[in-house]
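I opened a fresh page for this one and plan to jot down what I look up as I go. Come along and follow each entry on the structure.

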Amino acid sequence: LIIRAPRPGDGAVVNAAVRESHDHLKPWMPWAVNLQTVEETEMTVRQGAARWLLREDLWMLLFRKEDGMYVGGSGLHRINWSVPSFEIGYWVRARLEGKGYVTEAVKGITSFAFDRLKAERVEIRCDALNERSAAVARRAGYTLEGQLRHDDWTTQGTLRDTLVFGILRAEYVKQQTTRGT
C-alpha cells in the first residue's frame, strides 16, 4: 500500500469507493449513512488535508501500489499530543475486503505512530458486533483492554457496546524485537 494524507483532487476517488461500499459501511460508520456528492467529498478531503497540516486529525488514504486503486481510508484520530496517544480508524472498499489491506495499513500506521510521532499509546475501537474490525486489531498485535457497554449509538439508532483494543510503546517495541530475531 501507499498510505498518505488526503490532497485536493482526491474527492472523486474517495466518493466512488464510498458509494461502491455504502451497504458495507452504513452499519458501522456514521459518516457513511448519507452519501455525499463528489463536490461534498472533495470539500471533506480538503478539510482533511487542512486538519492534517494543523495536526488535529491525521486522516490517511490507502492506495494499492500495483495499480494506484483507492483501497480505503484509515488514520490517526482522537489525538492527545500531551501523551501522545492516538486512535486508529479504518475502512476498506467492499470488493477488497478480506485481502489483508486493512491489516497492512494498521501495522504501517501503528509503526508511524510509534516510530515517527513518538506515541506512548495507540488504540482501536470498534462496535462489539463488528467481528471483522476486531479481527484486524488482533492480527495487528493489539490487546483487547475491555468492552464499554452502551457507550455509543449505532447508525440504526440503538445503543452499542464498544471493544477497546490498545498497544503501548513497550509492547510495540517488544513485538518489533521479537520479529527481528
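**Entry 1: Arg-4**

I began close to the start of the numbering, with Arg-4, which lies in strand 1 (residues 2-4). The model I am reading is a predicted one.

Is Arg-4 buried or exposed? I found a relative accessibility of 19%, and because buried means under 20%, Arg-4 counts as buried.

Next I looked up what Arg-4 touches. Setting aside residues up to four places away in sequence, I noted Asp-10, Trp-59, Met-60, Leu-61 and Phe-63. With Asp-10 there is a polar contact between the side chains, at 2.9 Å. I also checked Ser-74: it is 70 residues from Arg-4 along the chain, yet their C-alpha atoms are separated by 9.6 Å.

**Entry 2: strands 2, 3 and 4**

I then turned to strand 3 and its partners. Strand 2 and strand 3 run antiparallel and are joined by 6 bridges. I picked out one pair, in which Leu-61 has Gly-73 of strand 3 as its bridge partner. The hairpin of these two strands has 6 residues between them, and there Gly-68 takes a positive phi near 75°.

Strand 3 also pairs with strand 4, again in the antiparallel sense, over 7 bridges. Here I noted that Gly-72 has Val-92 of strand 4 as its bridge partner. A hairpin of 4 residues joins strand 3 to strand 4.

How many residues of strand 3 are buried? I wrote down 9 of the 11, so strand 3 is largely enclosed by the rest of the structure.

**Entry 3: backbone oddities**

I went looking for unusual backbone values, keeping in mind that most residues other than glycine have a negative phi, and most peptide bonds are trans.

- The peptide bond from Val-83 to Pro-84 is cis, with omega near -10°. I placed Pro-84 in the loop between strand 3 and strand 4.
- Lys-118 has a positive phi, near 60°, though it is a residue other than glycine. I found it in the loop between helix 3 and strand 5.
- His-150 also has a positive phi, near 45°. His-150 sits in strand 6 (residues 143-153) and is exposed, with a relative accessible area of 53%.

**Entry 4: two helices crossing**

For a change I looked at helix 1 (residues 11-25) and helix 2 (residues 38-53). They pack at an angle of about 115°, with axes 8 Å apart. I noted the crossing as right-handed. Gly-11, Ala-12, Val-14 and Asn-15 make the contact on the helix 1 side, and Val-38, Thr-41, Glu-42 and Val-45 on the helix 2 side.

**Entry 5: the nonpolar cores**

In soluble globular proteins, nonpolar side chains tend to be buried together. I wanted to see where that happens here.

Which residues have the most contacts inside the largest nonpolar core? They are Leu-76, Ile-88, Val-106 and Tyr-142, in a core of 34 residues. Among the elements giving two or more residues to this core are strand 3 (70-80), strand 4 (85-92), helix 3 (101-116) and strand 5 (121-127). Helix 3 gives the most, with 7 residues.

I followed Ile-88 a little further. Leaving aside its neighbours within four places in sequence, its contacts include Leu-76, Val-106, Ile-109, Ile-124 and Tyr-142. I also found a second, separate core of 12 residues, which includes Ala-17, Val-45, Trp-59 and Trp-91.

**Entry 6: Ala-137**

Where is Ala-137 found? I traced it to helix 4 (residues 131-139). Ala-137 is buried, with a relative accessible area of 0%. Beyond its neighbours within four places in sequence, Ala-137 is in contact with Tyr-90, Ile-124, Tyr-142 and Phe-165. I noted a C-alpha separation of 8.9 Å between Ala-137 and Arg-125, which are 12 residues apart along the chain.

**Entry 7: strand 7 and its partners**

Two of those contacts of Ala-137, Ile-124 and Phe-165, led me here, as Ile-124 stands opposite Phe-165 in strand 7. Strand 5 and strand 7 pair in the antiparallel sense over 7 bridges.

Strand 6 and strand 7 are antiparallel too, with 7 bridges, and Thr-143 stands opposite Gly-166 of strand 7. Their hairpin has 5 residues between the strands, and Gly-157 there takes a positive phi near 90°.

My last note is on cover: strand 7 has 7 of its 10 residues buried, and is mostly covered.

Conventions. Residues numbered from 1 in each chain as written. Predicted model: local features only at pLDDT ≥ 70, side-chain atom pairs only at ≥ 80, totals over all residues. Heavy atoms only, no water. Buried < 20%, exposed > 50% of the residue type's maximum accessible area, 1.4 Å probe, protein only. Contact = heavy atoms within 4.5 Å. Core = buried A, V, L, I, M, F, W, Y, C linked by side-chain atoms within 4.5 Å. Polar contact = N/O pair within 3.5 Å; in protein donor to acceptor, adjacent residues only side chain to side chain. Pairing = 2+ DSSP bridges. Axes fitted to C-alpha atoms, helices over the stretch in contact; angles between N-to-C directions. Left-handed = near helix turned anticlockwise from the far one by under 90°.
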